[in-house]
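Hi everyone, thanks for coming. I'd like to walk you through a structure that's new to most of us, so have a look at it first.

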Amino acid sequence: MNLLPLILSAVMLSDGISYSYELTPYNTAVITSAYVPDYVTEIYIPNTIDGYTVVGIGSSSFMGCISAEKIVMPNTVYSVGSGAFMSCNSLKEIYISKEVKNLPKDCFFACPTLKNINLPENLESIGDEAFFGCSELDLYVPESVVYIGEDAFGKHTDPHLNDTVLIHGFLVKGVSGSYAETYSKENNIDFIDMNNYKAGDINGDDIVDSSDASNILEEYARASTGIALMFTKKQNIVSDINSDGIIDAGDASAVLEIYAELSTSN
């Protein structure tokens, strides 16, 4: 659908946020920019402005909203422009409209505190550097995604090297056999299917044995003595055998039990 603008207007809502928007040929609105006061930490993007249904978030429209910690997008929106939420430095959580099928390039570029996001079940593509620099992101990529652009996630700029590098321990959750798994493997990014993974395989060699138990005990020792922890997000998941949220000797014992059972069955 072509969303060429007809009219440019601006309006301030009761929450103090000022929106500029364009009308499409179908008498619907696309937000082109937003002024967000410093005291506003939660943004609930309206589903209508001046009586017009909001169907789009334009390029760079919320870029640099440094106070926003949570953003909720109405399900009337089906189009999001490039860089729409770039450099929202305090953003921790965002709800994406279930009607959005494409996340364009730079959409959440340099949102370092972004952790919680829902990607719609019918999402088809994630553009170049869409989540570049989002080091805290807890990301589940739905099976519907068939295209992921260059450096879309799991990477950031190392200030010492002045170069793009992998985010240590970044984890992509998804479905085994999906494009997200293929992309992750091609880019050396950890991937896990939460419904289909080998519990206890800490070192990723597809074998559960005594070395995995030793790795758990070493991490437990680090935690007990205050030494910096070494496990990645994926290792934390596969090593927490009893699902109590703690990596300890009990998990190591459970891994040894798994190893013993596998050895006996073979």
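Let me start with a word I'll need: a residue is called buried when its relative accessible area is under 20%, exposed when it is over 50%, and partly exposed in between. Take Phe-132 as a try-out: its relative accessible area is 5%, so Phe-132 is buried. And please keep in mind that what you see is a predicted model.

Okay, the overall picture. The chain has 266 residues, and 44% of them are buried. Along the principal axes, the C-alpha atoms fill a box of roughly 75 × 35 × 35 Å. In terms of secondary structure, we have 18 strands and 4 helices. If you take contacts between residues at least 6 apart in sequence, 37% of them join residues at least 24 apart.

On the outside, the accessible surface is about 13,300 Å², with 50% of that belonging to carbon and sulfur atoms. As for charge, there are 37 negative side chains and 13 positive ones, and the centres of those two sets are 2 Å apart.

Now, the inside. Nonpolar side chains in soluble globular proteins tend to be buried together. Here, the largest nonpolar core has 55 residues. Which of them touch the most other members? Those are Ile-43, Phe-62, Phe-85, Phe-108, Phe-131 and Phe-153. Strand 2 (18-23), strand 3 (29-35), strand 6 (52-57) and helix 1 (179-186) each put at least two residues into this core.

Zoom in on Phe-153 for a second. Leaving aside residues up to four places away in sequence, Phe-153 touches a whole list of neighbours, including Phe-131, Leu-139, Phe-170, Tyr-183 and Ile-189. There is also a second, separate core, this one with 12 residues, among them Val-208, Ile-237, Ile-247 and Val-255.

Let's move on to the aromatic rings. A search of the whole structure turns up 8 aromatic pairs. One of them is Phe-62 with Phe-85: the ring centres are 5.3 Å apart and the planes sit at 20 degrees, so this pair is stacked. Phe-62 is in the loop between strand 6 and strand 7 (70-72), while Phe-85 is in the loop between strand 8 (79-80) and strand 9 (93-95), so the pair ties together parts 23 residues apart in sequence. Are these two buried or exposed? Phe-62 is buried, at 0% relative accessible area, and Phe-85 is buried too, at 0%.

Next, Phe-109 and Phe-132, which form a stacked pair with 5.3 Å centre to centre and 10 degrees between the planes. This pair also links distant parts of the chain, 23 residues apart: Phe-109 comes from the loop between strand 10 (102-103) and strand 11 (116-118), and Phe-132 from the loop between strand 12 (125-126) and strand 13 (139-140). We already met Phe-132 as buried, whereas Phe-109 has a relative accessible area of 24%, so Phe-109 is partly exposed. And ring pairs join Tyr-19, Phe-62, Phe-85, Phe-108 and Phe-131 into a cluster.

Last topic: backbone angles. Most residues other than glycine have a negative phi. Asn-27 isn't a glycine, yet its phi is positive, about 60 degrees. You'll find Asn-27 in the loop between strand 2 and strand 3. Asp-50 has a positive phi as well, near 55 degrees, and Asp-50 lies in the loop between strand 5 (48-49) and strand 6.

That's my tour, thanks for listening!

Methods. Residues numbered from 1 in each chain as written. Predicted model: local features only at pLDDT ≥ 70, side-chain atom pairs only at ≥ 80, totals over all residues. Heavy atoms only, no water. Buried < 20%, exposed > 50% of the residue type's maximum accessible area, 1.4 Å probe, protein only. Contact = heavy atoms within 4.5 Å. Areas by Shrake-Rupley, 256 points an atom, 1.4 Å probe, with all protein chains shown as cover. Lys, Arg positive; Asp, Glu negative; His and termini not counted. Charge placed at Lys NZ, Arg CZ, Asp CG, Glu CD. Core = buried A, V, L, I, M, F, W, Y, C linked by side-chain atoms within 4.5 Å. Phe/Tyr/Trp six-rings, centres within 6.5 Å; stacked < 30°, edge-to-face > 60°.
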